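Please follow the salt bridges, the aromatic contacts and one strand of this structure, in that order, with the coordinates open beside the text.

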Amino acid sequence: MVRHAALREVVGTDAVAPVAAANQSLAFGGVFGGAGSFRNIKFEDLDAILKKAPAVAAVSGEDITQAQVKGGGTNTNTSVIGVGADYADIRNFTIADGRFFTPRDLRARSPVCILGAKVAADFFKGKSALNQRVRINSASYRVVGVMARKGQVGSQNADDQVFLP
C-alpha cells in the first residue's frame, strides 16, 4: 500500500513499480550485472506477468528520456516517456481531450503522442492540440490526446511531459 499522499495521487494505492537503474549491481537469476548494467523488460515479459500473476490487473513499461520537442511554432526540452496501454490507469493519469494509446498503436509503433497539459498549452495557446503535429528530435508525431492537469509531484512537473507508445 502506498502511504505517502503525493505519491498515492500519482500512482494510486495498489501500484508496484519494479525499477532497473544504471550504476548499480543487479542480480538476474543468480548472476550479478556489473556497475552501470541493467536488464530491459520486454513486452513479452509484461504479457507473461499478466498471464502468470492473476492478482496483477495491469502492467506497463516506462522508458524516460529528455528530448527536444517542437510544436505550434514553439520548442522545448522536456521529458518524453514511452509507455504501455495501461500506463494512464496505473499512474492515475486522466485524458482531458482525445484518447490514450490503443493496443494497436503499441503493436504498430504508431507515430502518435499524448501531450501533458503544460506542453499542449505552451504549444497550441488554447487551441485544440488534437491531430496537430509535433516533432520529437527529428521524428513527426500526431497528437491523439492531452492529459488532464496533474501539477507538480515532488521534483517533477507531471504536466510537462510527452508520451509515446
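In this predicted model, Arg149 has a relative accessible area of 60% and is therefore exposed, since the cut-off for that class is over 50%. Its side chain meets that of Asp159 in a salt bridge, with 3.9 Å from N to O. The pair links distant parts of the chain, ten residues apart, with Arg149 in the loop between β8 (139-147) and β9 (152-153) and Asp159 in the loop between β10 (156-157) and β11. Asp159, in contrast to its exposed partner, counts as buried because its relative accessibility is 6%.

The structure holds three salt bridges, and another of them joins Asp105 to Arg99, where the closest N and O atoms are 2.6 Å apart. Here Asp105 is counted as buried because its relative accessibility is 6%, while Arg99, at 31% relative accessibility, is counted as partly exposed. The salt bridge between Lys118 and Asp122, whose closest N and O atoms are 2.6 Å apart, is set within helix α5 (residues 117-124), where the two residues lie four residues apart, about one turn of the helix. Both ends of this bridge are partly exposed, Lys118 at 30% relative accessibility and Asp122 at 31%.

The loop between α5 and β7 (133-136) is the place of Lys125, which has a positive phi of about 40° although it is not a glycine. Asn131 is in the loop between α5 and β7 as well, and it too has a positive phi, of about 70°, without being a glycine. Lys125 is exposed because its relative accessible area is 60%, and Asn131 is likewise exposed because its relative accessible area is 53%.

We turn now to the aromatic side chains. A pair of aromatic rings is described by the distance of the centres and the angle of the planes. The count comes to five aromatic pairs, one of which is the stacked pair of Tyr87 and Phe93, at 6.0 Å centre to centre and with 20° between the planes. Tyr87 and Phe93 are both buried. Phe93 also pairs with Phe163, edge-to-face in this case, at 5.5 Å centre to centre and with 70° between the planes. This second pair links distant parts of the chain, 70 residues apart, with Phe93 in the loop between α3 (87-91) and β5 (95-98) and Phe163 in strand β11. Phe93 and Phe163 are both buried, and together with Tyr87 they form one aromatic cluster. Over the face of Phe93 lies Lys150, at 4.9 Å from the ring centre.

Phe163 leads on to its strand. In a regular strand the side chains alternate between the two faces of the sheet. In strand β11 (residues 161-164), Gln161 and Phe163 point one way and Val162 and Leu164 the other way, and all of them are buried. Which strands pair with β11, and in what sense? Strand β4 (residues 74-83) pairs with β11 in the parallel sense over four bridges, with Gly82 as the residue whose bridge partner in β11 is Leu164. Strand β6 (residues 112-115) pairs with β11 in the antiparallel sense over two bridges, and in β11 it is Phe163 that Ile114 stands opposite. Phe163 is thus described twice, as a residue of β11 facing Ile114 and as a member of the aromatic cluster with Tyr87 and Phe93.

Key
Residues numbered from 1 in each chain as written. Predicted model: local features only at pLDDT ≥ 70, side-chain atom pairs only at ≥ 80, totals over all residues. Heavy atoms only, no water. Buried < 20%, exposed > 50% of the residue type's maximum accessible area, 1.4 Å probe, protein only. Pairing = 2+ DSSP bridges. Salt bridge = Lys/Arg side-chain N within 4 Å of Asp/Glu carboxyl O. Phe/Tyr/Trp six-rings, centres within 6.5 Å; stacked < 30°, edge-to-face > 60°. Lys NZ or Arg CZ within 6 Å of the ring centre and 35° of its normal.
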